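Please look over the structure shown below, and then read how a few everyday terms of structural description are applied to it.

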Amino acid sequence: MLGGARSGKSERAQALAESQSGKLVYLATAQAFDDEMADRIARHRQDRGPRWRTVECPIDLPEAITREAAPGRVLLVDCLTLWTSNILLNELNFPAVSKQLMDALLAAKSPIILVSNEVGMGIVPDNALARRFRDMAGRLNQDIAAIADRAEIMFAGLVVPLKG
């Protein structure tokens with residue numbers, strides 16, 4: 001599920017997950033570095049309700065997928081964009097960890113819904129760090145879309161199918 005900020009992608013992903021039978025597992029990549037983000041995380045958790053179990057995995061997303069993906073479960077990863085920024089800011093080897101992510105996704109034994117921002121549709125950022133992030137996110141989105149059974153993008157709350 002791709003889209004810009006406030007496009008409706010997280011709500012769409014949650015509805016898709018909740019429409020399936022099975023235990024719901026939310027793999028959260030956000031970190032609360034300030035009060036605003038802590039409030040945002042708390043609101044999201046409350047919106048999901050009691051059917052959901054949350055697993056915090058800001059860095060160790062591949063490991064969390066490997067551990068949590070099992071028959072009878074539906075996983076929702078929200079979001080790959082924050083995970084990418086966490087990898088970048090922690091100066092980890094992005095090609096290596098994104099390969100671990102791809103391997104975990106390919107081996108998963110449960111449906112997984114992934115949320116990611118489309119960050120490459122604007123102007124070219126004016127600094128090297130922002131350009132590096134945009135390029136990393138774009139490559140990851142391409143890799144994920146290549147192996148996904150289904151891909152959608154959200155614009156203004158409207159779903160545009162891309163694949164599947």
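The questions that follow deal with cysteines, salt bridges and burial.

This is a predicted model, in which local features need pLDDT of at least 70 and side-chain atom pairs count only at pLDDT 80 or more, while totals for chains, interfaces and linings use all residues. Residues are numbered from 1 along each chain as its sequence is written, and side-chain values use heavy atoms, with hydrogens and water left out.

Q: How many disulfides are there by the rule?
A: A disulfide is a pair of cysteine sulfur atoms within 2.5 Å, and by this rule the count comes to zero. The cysteine sulfur nearest to that of Cys57 belongs to Cys79 and is 11 Å away, so Cys57 is in no disulfide under the 2.5 Å rule. Cys79 is likewise in no disulfide, with the sulfur of Cys57 as its nearest, 11 Å away.

Q: Why is Cys57 called buried?
A: Buried means under 20% relative accessible area, exposed means over 50%, and partly exposed lies in between (1.4 Å probe, protein chains only). Cys57 has 0% relative accessibility, and therefore it counts as buried. Cys79, at 6% relative accessibility, also counts as buried.

Q: What makes the contact of Glu68 and Arg67 a salt bridge?
A: A salt bridge is a side-chain nitrogen of Lys or Arg within 4 Å of a carboxyl oxygen of Asp or Glu. The N to O distance for Glu68 and Arg67 is 3.7 Å, so this pair meets the definition. Arg73 also forms a salt bridge with Glu68, where the closest N and O atoms are 3.1 Å apart.

Q: How do you know whether Glu68, Arg67 and Arg73 are buried or partly exposed?
A: Glu68 has a relative accessible area of 6% and is therefore buried, whereas Arg67 is partly exposed because its value is 47%. Arg73 is partly exposed as well, since its relative accessible area is 24%.

Q: Why do Glu152 and Arg150 count as a salt bridge?
A: Their side chains meet at 3.0 Å, N to O, so the pair satisfies the salt-bridge rule. Glu152 is buried at 7% relative accessibility, while Arg150 is partly exposed at 47%.

Q: Which residues are joined into one network by salt bridges that share partners?
A: Arg53, Arg67, Glu68 and Arg73 are joined in this way. A search of the whole structure finds nine salt bridges.
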